[in-house]
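Here is a short report on one protein chain and its ligand. Look at the structure first, then read on.

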Amino acid sequence: MTTSALANATIRRLTAGDVTHCADLSEDRSWPREEHKWRLLLTAGTGFGIDAPDGKGLAAACVVTRYGDAPDAPDLAAIGMVLVAERFARQGLGRRLMSYVCEQLGPVPLTLHATPNGRPLYEELGFTTPGRAEMLMGEFRALGDETAEGTRPATADDLQAILELDREVFGTGRMHMITRLPAFADRLVVAEDPSGRLTGYAAAWPNMHTHVVGPLIARDTGTAKALVSALAAGGDRPLRTDVDVRHEELRDWLKARGLASITFNAVMTRGVPDLPGDWTRRFAPLTVAAG
Ligand SMILES: CC(C)(COP(=O)(O)OP(=O)(O)OC[C@H]1O[C@@H](n2cnc3c(N)ncnc32)[C@H](O)[C@@H]1OP(=O)(O)O)[C@@H](O)C(=O)NCCC(=O)NCCS
């Protein structure tokens with residue numbers, strides 16, 4: 001197929017039935033298959049893809065997750081899992097898919113976490129880089145001075161307060177994502193002050209051989225550490241999390257407990273100079289693919 005034919009290939013909506021195709025595409029680019037995450041993104045968000053002209057699955061894919069109360073006029077949309085199969089790389093498919101998605105979303109403010117590979121394309125499309133996140137991964141080894149005091153497992157009764165805190169800190173509502181957390185995550189914990197007011201919450205969800213810690217939302221670094229300690233105490237897998245680089249104290253604390261720096265991703269936005277909400281209380285995203 002010629003490059004121009006590829007550039008005109010039909011872009012279609014992906015459904016939950018495409019999870020295996022999406023995971024195959026991840027594998028094609030040496031990414032983990034992450035089927036659990038794909039399933040979440042394809043149900044809470046909207047997947048777009050281009051079928052491979054050779055009939056072997058998908059040639060390209062990405063997922064858009066819209067946030068806000070009005071589905072037709074989102075406050076923010078996150079783009080993730082932008083992937084082009086290796087055999088079709090550098091033939092304009094990534095640009096075509098991203099341009100299509102940006103056009104569909106029009107004036108909606110956009111965000112994404114970019115790998116070094118994707119960044120030149122996003123810059124070409126008008127994204128800027130207001131921040132960075134460090135991916136940390138490894139077995140959490142307690143040093144003995146950790147405390148999970150003030151935290152406890154979340155119950156169904158906490159969901160409303162979690163949604164309210166999350167909206168305040170994330171800067172807009174993401175009910176369709178957060179209400180899926182109790183089923184999506186293996187563990188969900190909350191922190192509260194002596195009066196019973198919620199001061200933070202965090203989830204650990206299974207991703208291949210790891211547990212991803214995210215969202216991690218907390219009043220301060222001490223509360224964030226307590227939430228991570230509570231999650232780590234109940235777990236049997238290495239942890240992964242993507243911490244906003246401005247939270248240096250938490251990054252150092254995690255590294256001292258066995259998590260290693262894997263890479264840095266650029267936090268990019270389009271249409272807004274920075275992410276909405278309160279970064280001081282937003283330590284890690286649910287997933288870099290959805291904010
Ligand atoms: C990033 C990715 C989606 C780009 O898709 P693609 O179809 O190969 O890209 P395009 O052919 O549309 O190229 C668009 C521009 O991106 C840049 N680009 C693409 N691949 C690049 C690479 N390997 N190195 C440097 N720049 C690159 C170039 O500026 C390119 O424009 P040019 O070819 O006119 O110079 C694809 O390489 C990919 O799937 N990579 C692995 C997964 C990944 O990192 N995804 C990004 C997640 S944020």
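## Around the ligand

A residue counts as near the ligand if its C-beta atom, placed from the backbone, lies within 6 Å of it. The model is predicted. In this model, 17 residues surround the ligand. G94, R95, N117, G118 and L121 come nearest.

Which elements each supply at least two residues of this shell? They are β4 (76-84), α4 (93-105) and α5 (119-124). Sorted by class, the shell holds 8 nonpolar, 6 polar and 3 charged residues.

## Two domains

The domain assignment splits the protein into domain 1 (3-108) and domain 2 (135-264 + 276-284). Note that domain 2 is given as two segments. Taken over C-alpha atoms, the centres of domain 1 and domain 2 are 28 Å apart.

How many residues of domain 1 are in contact with domain 2? The count is 12, and they meet 11 residues of domain 2. On the domain 1 side, α3 (35-44) and β3 (58-67) each supply at least two of the touching residues. The largest share, 4 residues, comes from α3. By class, this side of domain 1 has 5 nonpolar, 3 polar and 4 charged residues.

## The nonpolar core

The largest nonpolar core has 88 residues. Among its members, A60, A61 and L227 touch the most others. Why does this core lie between the domains? Domain 1 and domain 2 both give residues to it, so the core lies between them.

Take A60 as an example. Set aside its neighbours within four places in sequence. A60 is then in contact with G49, I50, L83, V84, A85, F88, L93, G94 and L97. One of these contacts, G94, is also among the residues that come nearest to the ligand.

## A closer look at N265

N265 lies in strand β12, which covers residues 260-270. Is N265 buried or exposed? N265 has 20 C-beta neighbours inside 10 Å, so it counts as buried. The cut-off for buried is 20 or more.

What does N265 touch, not counting residues up to four places away in sequence? Its contacts are H113, A114, T115, R132, A133, M135, D242 and V288.

Now compare N265 with L93, one of the contacts of A60. N265 and L93 are 172 residues apart along the chain. Their C-alpha atoms are separated by 22 Å.

Conventions: Residues numbered from 1 in each chain as written. Predicted model: local features only at pLDDT ≥ 70, side-chain atom pairs only at ≥ 80, totals over all residues. Nonpolar A, V, L, I, M, F, W, Y, C, P; charged D, E, K, R; others polar. Core = buried A, V, L, I, M, F, W, Y, C linked by C-beta atoms within 7 Å. Buried ≥ 20, exposed ≤ 12 C-beta atoms within 10 Å, placed from the backbone. Domains from an automatic or database assignment. Contact = placed C-beta atoms within 7 Å.
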